[in-house]
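I kept a small notebook while looking through this structure. Come and read along with me.

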Amino acid sequence: MAMMRLLVAALVAYAHGAYCHKYVMISRGRSGSEIESLAIAALTKSSDLGREVMGANNAQMAAVKDPLKRMQEWFTKMCTENPKSYLVGFKFKPYIKVNETGFATDSKWTDVFAWLKAQNASIVHNDRNSLDKIISGAFYNASTGHSAAHCHAGNKECVAQHKNARFKVGTEELASRLRKMESDRTNTLALLDRFGFRMLKVTYETLLLSKADTRLAAWKDLIAFLAPRETFTEADLTRALQSTERTSSNHQRDRVSNYDEVVETLAKTPYAHLLHRA
């Protein structure tokens, strides 16, 4: 009888594709992870994938004494409360120190990734043009207290604030900031590679800004990676992406009042390719 119950449970799990598959999106700030997480949840029939369980910035993450325990409790809570959620997971901002060989300098974070690997968690590494991240961050910092980080669907006032914003981007240390961002990205990927995660790399530009056919293909690849049995149409994707309004500009010049200075600063550096073409 016990064997029969196990067999029935296995067949039911197979029929439904099982539930509560562990997933983490690795993404730095201002990279589109909010809207991407909402869309992934909608397209995979999952619950609440957008929480920043370990914190939203360096200070909050540094204050977490036992991130492994916090993560384990989060997965247990979400799977208990949402037993038929295909994915359970969260967003992780990699604001942790990782050396060039791919080792976290604080062992508490090594423990986190070792546990995720043991659980066969799926990792999505999300990225965006680093200069666009700086520009987006400059807008957010300049408008703190006046404008939300994201605009909910239908909030015309918020959209207008975002689209009409003009601000300066500091250029004195711009190249060094981009160099640091590039180094951090390389080290984070080295850490993920060292653990041998099942991982997919995606970008803000492809998932959110590309032409309709390219965007749909990218989302098909992403959902096939996370939830192979799920299917969806372009209309489904459009609905999934409607939770927040797109407010990014078509060209960096549209937002940055000292754009010519930015161009002059980066023109002869390894980061000139991050400038939008005319």
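**Entry 1: the largest cavity**

I started with the elements around the largest cavity, keeping in mind that this is a predicted model. Three elements, β1 (21-27), β3 (122-127) and α8 (174-195), each give at least two residues to the lining of the largest cavity. Next I wrote down the lining itself: I26, S27, R28, P94, H125, N126, D127, K133, M181, R185 and T188. Sorted by class, this lining has three nonpolar, four polar and four charged residues. The space inside the largest cavity is about 80 Å³.

**Entry 2: the second largest cavity**

How many cavities of 30 Å³ or more are there? I found that the count is two, so I turned to the other one. The second largest cavity has a volume of about 30 Å³. Its lining is made of P94, I96, V98, F113, T188, L191 and L192. Helix α8 supplies the largest share of this lining, with three residues. By class I noted six nonpolar residues, one polar and no charged ones. P94 and T188 caught my eye, since both are listed for the largest cavity and for the second largest cavity.

**Entry 3: helix α12**

Which residues of helix α12 (residues 259-266) are buried? I found Y259, V262 and L266. These three cover an arc of only 55° around the axis, which puts them on the same side of α12. I added a reminder from class: an α-helix has 3.6 residues a turn, so residues three or four places apart point the same way. Then I checked the face of α12 turned away from the buried side, and there I met the exposed residues D260 and E264. The buried residues of α12 pack against α6 (130-143) and α8.

**Entry 4: H251**

I moved to the loop between α11 (234-240) and α12, where H251 is found. Is H251 buried or exposed? Its relative accessible area is 16%, and buried means under 20%, so H251 is buried. The side chain of H251 reaches the backbone oxygen of R277 at 3.1 Å. Leaving aside neighbours within four places in sequence, H251 is in contact with Y259, H276, R277 and A278. Y259 is one of the buried residues of α12 that I listed in the previous entry.

**Entry 5: two residues with positive phi**

Here I looked at backbone angles. C20 is not a glycine, yet its phi is positive, near 60°. C20 sits in the loop between α1 (2-16) and β1. With a relative accessible area of 12%, C20 is buried. K45 is also not a glycine, and K45 has a positive phi of about 55°. Its place is in the loop between α2 (33-44) and α3 (58-62). K45 is exposed, with a relative accessible area of 55%.

**Entry 6: E205**

My last stop was E205, in helix α9 (residues 204-209). E205 is partly exposed, and its relative accessible area is 25%. Along the chain E205 and N129 are 76 residues apart, but their C-alpha atoms are separated by 7.9 Å. Which residues does E205 touch, not counting those up to four places away in sequence? I noted D127, R128, N129, D132 and S210. D127 also appears in the lining of the largest cavity, which brings my notes back to the first entry.

Key
Residues numbered from 1 in each chain as written. Predicted model: local features only at pLDDT ≥ 70, side-chain atom pairs only at ≥ 80, totals over all residues. Heavy atoms only, no water. 1 Å grid on protein atoms, 1.4 Å probe; cavity = no way out; pocket = protein on both sides within 12 Å on 5 of 7 lines; lining within 4 Å. Points joined across faces, edges and corners; volume = space filled by probe spheres on them. Helix = DSSP H or I, 4+ residues; strand = E, 2+ residues; numbered from the N terminus. Nonpolar A, V, L, I, M, F, W, Y, C, P; charged D, E, K, R; others polar. Buried < 20%, exposed > 50% of the residue type's maximum accessible area, 1.4 Å probe, protein only. Arc of directions from axis to C-beta. Contact = heavy atoms within 4.5 Å. Polar contact = N/O pair within 3.5 Å; in protein donor to acceptor, adjacent residues only side chain to side chain.
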